[in-house]
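Load the model in your viewer and set it to cartoon, with side chains ready to be switched on. The stops below are given in the order in which to select them.

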Amino acid sequence: MPTDTAPRFTLTPFQPSDWPFFLELRRDPAIMQFMSDIASEEQIRILFDDRLADANAFIIRDAHQHPVGDIGLRISSENDEEADVGYSVAPAAQGQGVASQALQALCEVAFNQRDIQALNAWVLAENQGSVRVLEKRGFRKTQVLEKAYLLRGEYYDDWVFRLERQEFLRVG
């Protein structure tokens, strides 16, 4: 099975055996604090099954092939040359460059294998860890949507970041 490798982490397609890890990740309040409410196990299972069937969804694995996060592309239904990026990293693996390296590998997949011309990422302003990861990888903040994202009864600013293929190839 082909894999896409970042220096210390590997992106592999979702496997049925990844279910317990994915369930734990999506039930972790520290992970979900910037994403959404914690869903029921049935709803998480539907999301997992979607990832199993999605060639643009990956588990991030460490050097020992243990899962440490997930990352993926969602191709735009309106423009197949654009995609949204999303990722999460288990709390025990945060602060080790996992998201940054995985995002680099995902950009390489998107721009070199999927013929994507631009990637977008949506991040709550309070999620400064993700903001740093995106900026480190060359994404530029292009829009601020004030009080646009409702989470647990409160509205948050949503920041939109973008990286275009030519910029990625130039900086690499």
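Buried means under 20% relative accessible area, and exposed means over 50%. Keep those cut-offs at hand for the whole tour, and keep in mind that this is a predicted model.

**Stop 1: helix α3**

Select residues 41-52, which form helix α3. This helix has 12 residues and reaches 16 Å from its first C-alpha to its last, close to the 16 Å expected at 1.5 Å a residue. Turn on the side chains of Ile44, Phe48 and Arg51, which are buried. Look down the axis of α3: its buried residues fall within an arc of 55 degrees, so they line one face of the helix. An α-helix has 3.6 residues a turn, so residues three or four places apart point the same way. Now show α1 (19-27), β3 and β4, against which the buried residues of α3 pack. Then rotate to the face of α3 turned away from the buried side, where Glu42 and Ile46 are exposed.

**Stop 2: from α3 to α1**

Stay on α3 and pick Glu41, then add Arg27. The two form a salt bridge, with their closest N and O atoms 3.2 Å apart. Glu41 belongs to helix α3 and Arg27 to helix α1, and the pair links distant parts of the chain, 14 residues apart. Are these residues buried or partly exposed? Glu41 is partly exposed, with a relative accessible area of 36%, and Arg27 counts as partly exposed at 40%.

Next, select Asp28, in the loop between α1 and α2 (29-32). Asp28 is partly exposed, with a relative accessible area of 21%. Leaving aside neighbours within four places in sequence, Asp28 is in contact with Ile38 and Pro91. Set a distance label from Asp28 to Ser88: the two are 60 residues apart in sequence and 11 Å apart in space, C-alpha to C-alpha.

**Stop 3: around Arg61**

Select Arg61 and Asp18, whose side chains meet in a salt bridge (2.8 Å, N to O). Asp18 is in the loop between β2 and α1 and Arg61 is in strand β3, so to speak two distant parts of the chain, 43 residues apart. Both residues are buried: Asp18 has a relative accessible area of 3%, and Arg61 has one of 9%. Side chains of opposite charge can pair when their charged atoms come close.

Add Thr12, found in strand β2 (residues 10-13). A polar contact of 2.8 Å joins the side chains of Thr12 and Arg61. Thr12 counts as buried, at 8% relative accessibility.

**Stop 4: the largest nonpolar core**

Which members of the largest nonpolar core touch the most other members? Select Ile71, Leu103, Leu119 and Phe139, which do so among the 35 residues of this core. Then color the elements that give two or more residues to the core: β3 (57-61), β4 (67-75), β5 (82-89), α4 (98-112), β6 (118-124), α5 (128-136) and β8 (154-164). The largest share, 10 residues, comes from α4. Apart from this core lies another, of 13 residues, among them Phe14, Trp19, Phe21 and Ile44. Ile44 is also one of the buried residues of α3 from the first stop.

Return to Phe139 and show its surroundings. Not counting neighbours within four places in sequence, Phe139 is in contact with Val85, Leu103, Cys107, Leu119, Ala121, Leu134, Phe161, Arg162 and Leu163.

**Stop 5: Arg162 and its partners**

From that list, pick Arg162 and add Glu82. Their side chains meet in a salt bridge (2.9 Å, N to O). Arg162 lies in strand β8 and Glu82 in strand β5, so the pair ties together parts that are 80 residues apart in sequence. Arg162 counts as buried, at 18% relative accessibility. Add Glu164 to the selection to see the network of salt bridges that links Glu82, Arg162 and Glu164. A search of the whole structure finds 8 salt bridges.

**Stop 6: Ile75**

Keep Glu82 visible and select Ile75, in strand β4. Ile75 is partly exposed, with a relative accessible area of 32%. Residues up to four places away in sequence aside, Ile75 touches Asn56, Asp80, Glu82, Ala83 and Ile116. To finish, draw a distance from Ile75 to Arg114: their C-alpha atoms are separated by 9.7 Å, and the residues are 39 apart along the chain.

How values were computed. Residues are numbered from 1 along each chain as its sequence is written. This is a predicted model: local features need pLDDT of at least 70, side-chain atom pairs count only at pLDDT 80 or more; totals for chains, interfaces and linings use all residues. Side-chain values use heavy atoms; hydrogens and water are left out. A nonpolar core is a set of buried Ala, Val, Leu, Ile, Met, Phe, Trp, Tyr and Cys residues joined through side-chain atoms within 4.5 Å. Buried means under 20% relative accessible area, exposed over 50%, partly exposed in between (1.4 Å probe, protein chains only). Helices (H or I, at least four residues) and strands (E, at least two) are DSSP runs, numbered from the N terminus. Contact means heavy atoms within 4.5 Å. A polar contact is a pair of N or O atoms within 3.5 Å; within protein, one must be able to donate a hydrogen and the other to accept it, and residues adjacent in sequence count only if both atoms are side-chain atoms. The expected span of a helix is 1.5 Å times one less than its number of residues. The arc is that of the directions from the helix axis to the C-beta atoms. A salt bridge is a side-chain nitrogen of Lys or Arg within 4 Å of a carboxyl oxygen of Asp or Glu.
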